[in-house]
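Subject: Structure for your review

Dear colleague,

Please find the structure below, handed over for your examination. My notes on what was found in it follow directly after.

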Number of protein chains: 2
Amino acid sequence: MEHIARDADIAPVAALIADPTRAAILTALLDGRALAAGELARVAGVSAATASAHLARLLDGRLVDVVRQGRHRYYRLSGHEVAEVLEVLARISARPPVRSLRQSRQARLLEEARTCYDHLAGRAGVGLLDGLRAGGFYAGADLTGEGERLLTGLGVDVAGARGSRRRFAPECLDWTERRAHLGGALGAAVTYALFERGWYRRGTVPRAVILTDEGREGLSALFPSKELTSHTPVT
Amino acid sequence: MEHIARDADIAPVAALIADPTRAAILTALLDGRALAAGELARVAGVSAATASAHLARLLDGRLVDVVRQGRHRYYRLSGHEVAEVLEVLARISARPPVRSLRQSRQARLLEEARTCYDHLAGRAGVGLLDGLRAGGFYAGADLTGEGERLLTGLGVDVAGARGSRRRFAPECLDWTERRAHLGGALGAAVTYALFERGWYRRGTVPRAVILTDEGREGLSALFPSKELTSHTPVT
DNA sequence: CGTACCCTTCGACACAGGACGAAATGTGCG
DNA sequence: CGCACATTTCGTCCTGTGTCGAAGGGTACG
């Protein structure tokens, strides 16, 4: 009368994430960019041979894709579902103690504004969603008509996001802020547009993004509330 | 110049899920009930000693809670966040091939209607959300005023769900249907009310739930669309 | 109390798999 | 063609951990 597993077996996938080196690799890829095998070895702090073995296993388990370019091989997460797993896991995982000053500065940068795979997170992401809500541009898990006009005017490909097979505009729980930010296809499209406009740019710390002067102006014009724009720059 | 992990380290938590025996135990607990250590050993197909060791590790990692009752120790998931991790992992995990007739019947039961930790999932869960939407009771990620009246009238503790620190009424992606069902605090409250009314009851297969005759009548009165009520009983 | 039962701890074993250096493969460039 | 570089494959070592039987606490019940 025993019940054999008829659910999806999650153990093999979890095992792929369970190794510290592979977890470091996956986390490094969490910003959606593709990194070369050598870079990943360096980030994870292991030899090239070791990283290669791990990447082969991740590839086999379909957690990452590879694109060959010359003598480099660039690896990236195979999709946003993988990023979601990592984020959800982070939500119930302990945050390691901060050791150095530099680390605490990096931590503050990430709490301020970062990308969560392909959309904006951290205080900036939460503030953006708050601003959209306060202005009547977003309600429930959808844009209002007014919101659709606003974002389209800013160069966001709203129609394309709607056509995507991905969920359109779900709220995504932020694991530093413990509040929601904008995720899904629309979250990605908005973030893409913000980069295109130069309102945000990538920082030197992986996943960290930085509000530019133009961005501060543009956003404060759109959202009169202070939340989004008053945050002090981290230097 | 290497980047040490300043993110939450997810590897230890993933390692807890990565062992097949522990994954079986966690999956068995996914319906939110508390099971005794012996039962868990049996469902996982290991000796009591082995199960005990695994449960100790899960306890240490805060994935499960234990409640001692006489000479039994009942284990349960420590919270819905843990259940969410398991569900998200299942979404990117391979479904094992069906081996026996009994397994395929069980699989059909679960696809039809099951609980996802504490709310309704499967075709029944997806149909319920569809019905709420079609009737104008739910839009975006919130109840409409009409929906609030309807559910309150059915005995759902809507106010309590709103007061919860959990998200109120998020859409939860169903990994068998690949469509959304109702999750969060409201999903749990609705499911609780459906059980209280006797419209659904627990099946013999873990996590499976069964639509009762009263439930069929009640739901078809509320939601004229056929989706929710026409499904053929699995025998 | 003594017995039956549930569960955990202990001791011992076996095995998976992660680590590296060295060598092999493959690509680009002069 | 030959050298430089990125990456993988191979061989080997070694730690970590999952497994069980047997023994050791607790708890209930007659």
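**Chain A as a whole**

Chain A exposes about 11,100 Å², of which carbon and sulfur atoms supply 52%. Please bear in mind throughout that this is a predicted model.

Chain A contains 11 helices and 11 strands. Its C-alpha trace spans about 55 × 50 × 40 Å along the principal axes. For 235 residues, a compact globule would have a radius of gyration near 18 Å, so the 19 Å found for chain A agrees with that expectation. Of these 235 residues, 50% count as buried. Among the contacts in chain A with a separation of 6 or more, 54% are accounted for by residues 24 or more positions apart.

One residue of chain A may serve as an example. A:L16 is found in helix α1, which covers residues 11-18 of chain A. Its relative accessibility is 7%, below the 20% limit, and A:L16 therefore counts as buried. Leaving aside neighbours within four places in sequence, A:L16 is in contact with A:R22, A:R57, A:L58, A:G61 and A:L63. With A:G61, the separation is 45 residues in sequence and 7.6 Å in space, C-alpha to C-alpha. Two of the partners of A:L16 return below: A:R57 is listed among the residues that come nearest to DNA strand C, and the side chain of A:R22 has an N or O atom 3.1 Å from a phosphate oxygen of that strand.

**DNA strand C**

Which residues come nearest to DNA strand C? Of the 22 residues around the strand, they are A:T50, A:H54, A:R57, B:G38 and B:Y75. Sugar and phosphate account for 76% of the atoms of DNA strand C that come within 4 Å of the protein.

Several polar approaches to the phosphates can be named. From chain A, the side chain of A:R22 places an N or O atom 3.1 Å from a phosphate oxygen of DNA strand C. From chain B, the backbone takes part: a backbone N or O atom of B:G38 lies 2.9 Å from a phosphate oxygen, and a polar backbone atom of B:A37 is 3.2 Å from a phosphate oxygen.

In terms of secondary structure, at least two residues of the surface near DNA strand C are supplied by each of α2 (20-28) and α4 of chain A, and by each of α3 (37-44), α4 and β3 (72-77) of chain B. The largest share, 4 residues, comes from α4(A). By type, the residues of this surface divide into 7 nonpolar, 8 polar and 7 charged.

**DNA strand D**

Around DNA strand D there are 22 residues, of which A:G38, A:S52, A:Y75, B:T50 and B:H54 come nearest. Of the atoms of DNA strand D that come within 4 Å of the protein, 77% belong to sugar and phosphate.

Here chain A offers both backbone and side chain. A:G38 has a backbone N or O atom 2.7 Å from a phosphate oxygen of DNA strand D, while a polar side-chain atom of A:Y75 lies 2.5 Å from a phosphate oxygen of the strand. From chain B, a polar side-chain atom of B:T21 lies 3.0 Å from a phosphate oxygen of DNA strand D. The elements that give two or more residues to the surface near this strand are α3 (37-44), α4 (48-60) and β3 (72-77) of chain A, together with α2 (20-28) and α4 (48-60) of chain B. The largest share, 4 residues, comes from α4(B). This surface holds 7 nonpolar, 8 polar and 7 charged residues.

**Two residues of chain B**

Is B:T21 buried or exposed? With the protein chains alone counted as cover, its relative accessibility is 14%, under the 20% limit, and B:T21 therefore counts as buried. B:T21 lies in helix α2 of chain B. Apart from neighbours within four places in sequence, B:T21 is in contact with B:A44, B:V46 and B:H54. Of these, B:H54 is also one of the residues that come nearest to DNA strand D.

B:R105 is found in helix α6, residues 101-112 of chain B. At 28% relative accessibility, which falls between the limits of 20% and 50%, B:R105 counts as partly exposed. The C-alpha atoms of B:R105 and B:G38 are separated by 26 Å, the two residues being 67 apart along the chain.

With kind regards

Conventions:
Residues are numbered from 1 along each chain as its sequence is written. Chains are lettered from A and ligands numbered from 1 in the order in which they are written. This is a predicted model: local features need pLDDT of at least 70, side-chain atom pairs count only at pLDDT 80 or more; totals for chains, interfaces and linings use all residues. Side-chain values use heavy atoms; hydrogens and water are left out. A residue is near a molecule or strand if one of its heavy atoms lies within 4 Å of it. A polar contact is a pair of N or O atoms within 3.5 Å; within protein, one must be able to donate a hydrogen and the other to accept it, and residues adjacent in sequence count only if both atoms are side-chain atoms. Ala, Val, Leu, Ile, Met, Phe, Trp, Tyr, Cys and Pro count as nonpolar, Asp, Glu, Lys and Arg as charged, and the others, Gly among them, as polar. The radius of gyration is taken over C-alpha atoms; the globule rule is 2.2 Å times the number of residues to the power 0.38. Buried means under 20% relative accessible area, exposed over 50%, partly exposed in between (1.4 Å probe, protein chains only). Contact means heavy atoms within 4.5 Å. Accessible areas come from the Shrake-Rupley method with a 1.4 Å probe; for residues, only the protein chains shown count as cover.
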